[in-house]
Amino acid sequence: MSTYHQPYTISGVEVKRKSNQLLIFLENALDTNYDLYVGSTPDFKNINEKIASNNNGSFKISLPVEQGPYYFVIKNKDFQTNIFSERVVQLNNAINVRDLGGYRTEDGNVTKWGKIFRGDQLSKLDENDIKVLENLNIRSIVDYRSDHEKKINPNKDLSTVKTIYHCDPQSSFSEAAANAVDLKSENAKLVSALENGEVNTKYINGKGENVIEDYRSLVTSEAARVSYGQFLRICADAENIPLIHHCRGGKDRTGLGSMFLLLLLKVREEDIIKDYVMTGVIRKERNALKYEHYRALTSNQDYLSYLMAMIETREEYIKASIDRIKELYSSIDTYMIEHFGLTEEEIENIRGNYLEEDVQSE
């Protein structure tokens, strides 16, 4: 098994996994003793088992994926990190399931670990994947996929899940071809649409203008207002936690849902962008494979550039939505109240459910 390098955990901590071995590195460590503590729940009081100590902040420990989750703290007499874990959940048949914990806010908090996850579809999970997700005690699923997508790729059942919510924002842009039943037919349909003139020629390049337009439209569209408003209200109810929200690839519809929640939590914009572009890091190999599939169907470079722009997670895509909100509303709270109809109590409940104090200085 190759080493999996987590794209991000928390500031100053790097995590890698190779099979059952976890490698944890404290960046800028001083020549002093550091202790690594672990727990099975993301609460400081329960992260109390010391499993390693050294003088360089570098730890190698054996912790099998299927026996997790694991939550960590590194500390010594003068220092303590925030709680951290493996951000991307290590599954065999879903590559983009990840924890939204550990992001810093503008007002001295961080998002809690183990409370909310984002992901791609859960239709191909094997028995080990199901066990890993059930160990996370997932209680609710928010599924952004269309009825057609759910029908052809139904999610696997998780015994811990009490409620499944369907919240389709009806995005006009989607990586998936609308009526495709498998990857081969999807690719063929996308190329055929270009060749048959079904795509406006102004978009057939690598600029991603159609993605930007759709992301901006989802800030104000009625279907998205209903869908994401429902998602946020679900987040306000502690009975729904832990929760996972997902679409097909975990990129666009889930990316916007995550953006709305992180904005409401006052997460720093740089971290919101980081969370969004992480999908591109995770799916780098898959995107390269898709490019080869497209090349087998067309040699038109403009077509290829257009198709790749659709599956990439560029910073300017998510910024287009954030900037649109700023253009229309005086504050994020105003947007949440006036557009989604959230109450101040619901907003406070969401912040209480997903935020804790930041104990780690920069």
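This is a short walk through one chain, from its overall build to a single sheet and then to a few backbone details. Keep in mind as you read that the model is predicted.

Let's start with the whole chain. Its secondary structure consists of twelve helices and 15 strands. A compact globule of 362 residues would have a radius of gyration near 21 Å, and the chain agrees with that, because its own value is 21 Å. If you draw a box along the principal axes, the C-alpha atoms fill roughly 65 × 50 × 40 Å. Inside that box, 54% of the 362 residues count as buried. The contacts tell you how the sequence is brought together: taking those between residues at least 6 apart in sequence, 71% join residues that are at least 24 apart.

Now for the outside. The accessible surface of the chain comes to about 16000 Å², and carbon and sulfur atoms account for 45% of it. As for charge, there are 45 positive and 56 negative charges, and their mean positions lie 3 Å apart.

With that overview in hand, let's step into one sheet. It is an open sheet of four strands in the order S5-S4-S7-S8, with antiparallel pairing. Its edge strands are S5 and S8 (79-80), each of which pairs on one side only. As general background, strands of a sheet pair through backbone hydrogen bonds, either parallel or antiparallel.

Strand S4, residues 34-39, makes a good place to stop. On one side, S4 runs antiparallel to S5 (residues 49-54), and five bridges join the two. Here Tyr 34 stands opposite Asn 54 of S5. S4 also pairs with S7 (residues 71-76), again in the antiparallel sense and over five bridges. In this pairing you can find Leu 36 opposite Ile 74 of S7, while Gly 39 stands opposite Tyr 71.

How many of the six residues of S4 are buried? The answer is six of six, so by the cut-off of under 20% relative accessible area the strand is mostly covered. In a regular strand, side chains alternate between the two faces of the sheet. In S4, Tyr 34, Leu 36 and Val 38 point one way, whereas Asp 35, Tyr 37 and Gly 39 point the other way, and all of them are buried.

Let's turn to the backbone, beginning with two cis peptide bonds. The bond from Gly 68 to Pro 69 is cis, with omega near 10 degrees. Pro 69 belongs to the loop between strand S6 (58-62) and S7, and S7 is one of the partners of S4 in the sheet we just left. The bond from Ile 241 to Pro 242 is also cis, with omega near 0 degrees. You will find Pro 242 in the loop between helix H5 (222-236) and strand S14 (243-246).

Two further residues deserve a look for their phi angles. Asn 137 is not a glycine, yet it has a positive phi of about 60 degrees. It sits in the loop between helix H1 (127-135) and strand S12 (140-143). Asn 137 counts as partly exposed because its relative accessibility is 40%. Lys 266, likewise a residue other than glycine, has a positive phi near 65 degrees. Its loop lies between helix H6 (253-264) and helix H7 (269-282). With a relative accessibility of 35%, Lys 266 therefore counts as partly exposed too.

Terms used:
Residues numbered from 1 in each chain as written. Predicted model: local features only at pLDDT ≥ 70, side-chain atom pairs only at ≥ 80, totals over all residues. Heavy atoms only, no water. Rg over C-alpha atoms; globule rule 2.2 N^0.38 Å. Buried < 20%, exposed > 50% of the residue type's maximum accessible area, 1.4 Å probe, protein only. Contact = heavy atoms within 4.5 Å. Areas by Shrake-Rupley, 256 points an atom, 1.4 Å probe, with all protein chains shown as cover. Lys, Arg positive; Asp, Glu negative; His and termini not counted. Charge placed at Lys NZ, Arg CZ, Asp CG, Glu CD. Pairing = 2+ DSSP bridges.
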